[in-house]
Amino acid sequence: MILQHFQTMLKTKLNVLTLRKEPLPTVIFHEPEAIELCTTTPLMKTRTHTGCKVTYLGKVSTTGMQFLSGCTEKPVIELWKKHTLTREDVYPANALLEIRPFQVWLHHLDLKGEATVHMDTFQVARIAYCTADHNVSPNIFAWVYREINDDLSYQMDCHAVECESKLEAKKLAHAMMEAFKKTFHSMKSDGRIHRNSSSEEVSHEFESDDG
C-alpha cells in the first residue's frame with residue numbers, strides 16, 4: 001500500500017515536470033582546475049597608429065609670407081639649440097608623425113613609447129612650406145603652418161621634428177608632397193581653387209630634395 005502511494009506521487013510529480021513550458025536549467029560540473037576566472041569588462045582593443053617615430057622639437061613663430069629655400073633654417077636652429085640643451089631629459093622618440101591625404105597627425109608618446117590620447121592635428125591646406133634640407137642636421141623635417149587664432153587672426157609657425165635618419169626625413173617630405181597634391185586636386189574639384197592653377201605652381205614651395 002505504501003509502495004503504491006509512493007509510485008502515485010512520483011508519477012504525479014513527473015507529469016507536472018512534463019507540463020512545464022520553460023526548459024529546465026542544465027547543470028554542468030567542472031573540475032576545479034578547469035574553471036577560469038575572467039573579468040566581466042570587455043577588453044579594449046589597443047589602437048595602433050601608422051607613421052614615423054620622431055622627436056618633436058617644438059614650434060616657433062616665423063615672419064614673412066613668401067617662403068623660399070632656406071626660410072626654415074633660422075627657426076630650426078633656434079629649436080635645435082633648445083633641444084640640445086635639454087637633450088638628456090628628452091626621450092629619443094616622443095611622437096609619431098602620421099601624414100594623411102588632408103591632415104597631418106602628431107601623436108604624442110609616453111615614456112614607454114606608446115601613443116597617448118594627446119594629438120596635434122594640422123590641416124594640409126594650411127601648410128605653406130616643408131623641407132628636409134637643413135644644415136644644422138640632415139635628420140630634421142620642418143614645416144610652416146598657418147595657425148588660426150581665436151580672434152580669426154593667424155600666425156605662421158615653424159614646426160620641426162628630428163627623424164632617426166636622413167632617409168626618414170626625406171620620406172616625410174615626399175609624403176607631405178603627395179598629401180598636398182591630393183588636397184590640392186580635391187580643393188580644385190570643389191571650386192575652392194581657381195581652375196587655371198596647377199599643382200606644380202602651388203607646390204613649388206614644397207622642398208623634396210633628394211640630395
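Hi everyone, let me start with one residue: T183 is buried, at a relative accessible area of 5%. That is well inside the cut-off, since buried means under 20%. Keep in mind that this is a predicted model.

So where does T183 sit? Its place is in helix α3, which covers residues 166–189. The T183 side chain reaches the backbone oxygen of P101, at 2.6 Å. If we set aside neighbours within four places in sequence, T183 is in contact with P101, F102, V124 and A125.

Let's stay with α3 for a moment. Does its length agree with what we'd expect for a helix, or disagree? At 1.5 Å a residue, its 24 residues should span 34 Å, and the end C-alpha atoms are 35 Å apart, so the two agree. T183 has buried company along this helix, including A169, L172, M176, F180 and M187. After α3 comes G191, with a positive phi near 85°.

Now for the nonpolar cores. As a reminder, in soluble globular proteins nonpolar side chains tend to be buried together. In our model, the largest nonpolar core has 23 residues, and those with the most contacts inside it are V54, L97, F141, W143, V161 and L172. At least two residues each come from β1, β2, β3, β5, β6 and α3. Of these, α3 gives the largest share, with six residues. A nice example is L172, which touches C52, V54, L97, I99, F141, V161 and C163, not counting residues up to four places away in sequence. There is also a second, separate core of nine residues, with V76, I140, A142 and C158 among them.

Next, the strands. Four of the five residues of β2 are buried, so this strand is largely enclosed by the rest of the structure. On one hand, β2 runs antiparallel to β1, joined by three bridges, and C52 has L97 in β2 as its bridge partner. On the other, β2 runs antiparallel to β3, joined by five bridges. Here I99 stands opposite V104 in β3. The two strands β2 and β3 form a hairpin, with three residues between them.

Last one, for contrast: is L68 buried or exposed? L68 counts as exposed, because its relative accessibility is 55% and the cut-off for exposed is over 50%. You'll find L68 in the loop between β1 and α2. From L68 to Y129 it is 61 residues in sequence, yet their C-alpha atoms are 8.3 Å apart in space.

That's my tour, thanks for listening!

Key
Residues numbered from 1 in each chain as written. Predicted model: local features only at pLDDT ≥ 70, side-chain atom pairs only at ≥ 80, totals over all residues. Heavy atoms only, no water. Buried < 20%, exposed > 50% of the residue type's maximum accessible area, 1.4 Å probe, protein only. Polar contact = N/O pair within 3.5 Å; in protein donor to acceptor, adjacent residues only side chain to side chain. Contact = heavy atoms within 4.5 Å. Core = buried A, V, L, I, M, F, W, Y, C linked by side-chain atoms within 4.5 Å. Expected span 1.5 Å × (residues − 1). Pairing = 2+ DSSP bridges.
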